[in-house]
Amino acid sequence: AIIALVRPTRRSPKDTGTSDDTIALSAHSSDVVPGVLALIGNTPLVRVNSLSDALGVEILGKAEFLNPGGSVKDRVALQIITEAERRGEIRPGSRVFEGTSGSTGISIAMVAKAKGYDATIVMPDDTAVEKMRSVEAFGATVERVRPASIVDRRQYVNRAKHLAREYGPLGYFADQFENHANFHAHITGTAPEIWKQTKGEIDAFISGAGTGGTIAGVGRYLKDRLPDVRVVLADCQGSGLYNKVKHGVMYSDRESEGTRRRHQVDTVVEGIGLNRLTANVELGLPAIDDAFRVSDAEAVAMARHVASHDGLLLGSSSAVNLVACCKLVNKTQWRGTKRTIVTILCDSGSRHFSKFWNDDYLQKIDIPVNSGLVESLLRP
Ligand code: PMP
């Protein structure tokens, strides 16, 4: 069964979406589906039992790790490529270029190949090796570059943009940070799914921001329907976005270290953290009510906790989101009230074995694995 997800009616003038940016996502069922792209989206909400029971609040995670490319970014890749096809900017013979530290590269490679296009993915060379291997497995070209600041032309996003331009008319730069198709994927897909799954009974939505697409699309959709819903940013250490939400000014904790390092986010968490404003995060800022800072040690502890208590093997950004759920409960005194908090379980821990899930590696960079930090978050 193919479900066409309906666009929300109220849009701000800032949103540049066209009227045809809804794409059909299939329902996961026992149906035969017409190829891998039909497996994207319509993910379930999974109750995180250990946290929900301890806090007396329903903590529901959108199981994005179930997407065929393994992350929430499948939705974005499908939306970006489909919208570009509709505008004629991607056509037979096209090559899609993207600069990404991980999940988006896998999703772009998967969607491009499923639709018959080539892909070139530029990645920083400190990205977890599992992610590079997945992109290569799809037959996409991978270029590895030294990690660099966004102000450096050799930085991975800048390099992908340059390569696309150099390729000529058949080169298309996906541009997940600035492309509003990213936001559309969430406001027409992720958000209405959450709305339907919770029957509109939702007290808070919590998400990290890497491009900002998720928190913008879901946050805006929910706020439009439910002005009292709390939209909360879960920010990793080293990211300046937290300061933007809390103090109105975007500044990095490394402000004193010079331009080059200031733009880098220093964390073991992959996929989130921003030290500059992107088009997608700007769409979301008006909807964000609050923010919590989550340390690497807290994220590491949370991932271990839900793996061993719930059987959920999650990636680092999902763990950051779950820590922020606990912090919100503690700040609001929602404990025991059975309110509902929805968050995003962006990808699986199996993508993070070389770094976030590697205890030896964490020890080397002085991040404790058995810190007891989750127990203190759960204690009344
Ligand atoms: N988690 C992971 C694993 C990601 O790759 C990303 C995207 N970079 C995010 C979370 C954040 O999502 P968004 O880009 O929509 O802010």
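Which strands does helix α5 (residues 156–167) lie across? The legends below, which describe a predicted model, begin with the sheet that holds the answer.

**Figure 1. The open sheet of 4 strands, with its order and its edges.** The strands follow the order β7-β6-β5-β8, and their pairing is parallel. At the edges stand β7 (141–145) and β8 (171–173); each has a single partner strand, so one side of each is left without a neighbour in the sheet. From one strand to the next, the twist averages 20°. Strand β6 (residues 118–124) and β7 run parallel and are joined by 5 bridges. Within this pairing, Met123 has Arg144 in β7 as its bridge partner.

**Figure 2. Helices α3 and α5 lying across strands of the β7-β6-β5-β8 sheet.** Helix α5 (residues 156–167) lies across β5, β6, β7 and β8. The direction of helix α5 is at about 160° to β5. Helix α3 (residues 103–114) lies across β5 (95–99) and β6. Relative to β6, helix α3 runs at about 175°.

**Figure 3. Helix α2 and its surroundings.** Helix α2 comprises 14 residues (residues 73–86), which at 1.5 Å a residue should span 20 Å; the end C-alpha atoms are 20 Å apart, so the expected and computed spans agree. The helix is mostly covered, with 12 of its 14 residues buried. Among the buried residues are Lys73, Asp74, Arg75 and Glu83, together with Val76, Leu78, Ile80 and Ile81. The buried residues of α2 pack against β5, α3, β8, α6 and α7 (213–225). Gly88 follows α2 and has a positive phi, near 80°.

**Figure 4. The open sheet of 6 strands, in which the pairing is mixed.** The order of the strands is β3-β4-β12-β9-β10-β11. β3 (45–47) and β11 occupy the edges, each with a single partner strand, so one side of each is left without a neighbour in the sheet. The twist from one strand to the next averages 25°. Strand β9 (residues 204–207) runs parallel to strand β10 (residues 230–236), and 4 bridges join them. Phe205 stands opposite Val231 in β10.

**Figure 5. Helices α6 and α12 with the sheet of 6 strands.** Helix α6 (residues 180–198) packs on the sheet, where it touches β3, β4 (58–63) and β12 (340–345). The direction of helix α6 makes about 140° with that of β12. Helix α12 lies across β4, β9, β10, β11 and β12. Helix α12 runs at about 165° to β12.

**Figure 6. Helix α11 and the elements that cover its buried residues.** Helix α11 (residues 296–310) has 15 residues, and at 1.5 Å a residue these should span 21 Å; the end C-alpha atoms are 21 Å apart, which agrees. The buried residues include Asp296, Glu298 and His305, as well as Val300, Met302 and Val306. What covers the buried residues of α11 includes α1 (49–55), β11 (290–294), α12 (316–332), α13 (359–364) and α14 (373–378). Gly311 follows α11, and its phi is positive, near 70°.

**Figure 7. The residues around the ligand.** There are 17 residues around the ligand, of which Gly210, Thr214, Gly271, Ser317 and Cys346 come nearest. By class, this shell has 12 polar, 3 nonpolar and 2 charged residues.

Note on methods
Residues are numbered from 1 along each chain as its sequence is written. This is a predicted model: local features need pLDDT of at least 70, side-chain atom pairs count only at pLDDT 80 or more; totals for chains, interfaces and linings use all residues. A residue is near a molecule or strand if its C-beta atom, placed from the backbone, lies within 6 Å of it. Ala, Val, Leu, Ile, Met, Phe, Trp, Tyr, Cys and Pro count as nonpolar, Asp, Glu, Lys and Arg as charged, and the others, Gly among them, as polar. Helices (H or I, at least four residues) and strands (E, at least two) are DSSP runs, numbered from the N terminus. The expected span of a helix is 1.5 Å times one less than its number of residues. A residue is buried if 20 or more other C-beta atoms lie within 10 Å of its own, exposed if 12 or fewer, and partly exposed in between; C-beta atoms are placed from the backbone. Two residues are in contact if their C-beta atoms, placed from the backbone, lie within 7 Å. Two strands pair if DSSP finds at least two bridges between them. Axes are lines fitted to C-alpha atoms, for helices over the stretch in contact, and angles run from 0 to 180 degrees between N-to-C directions.
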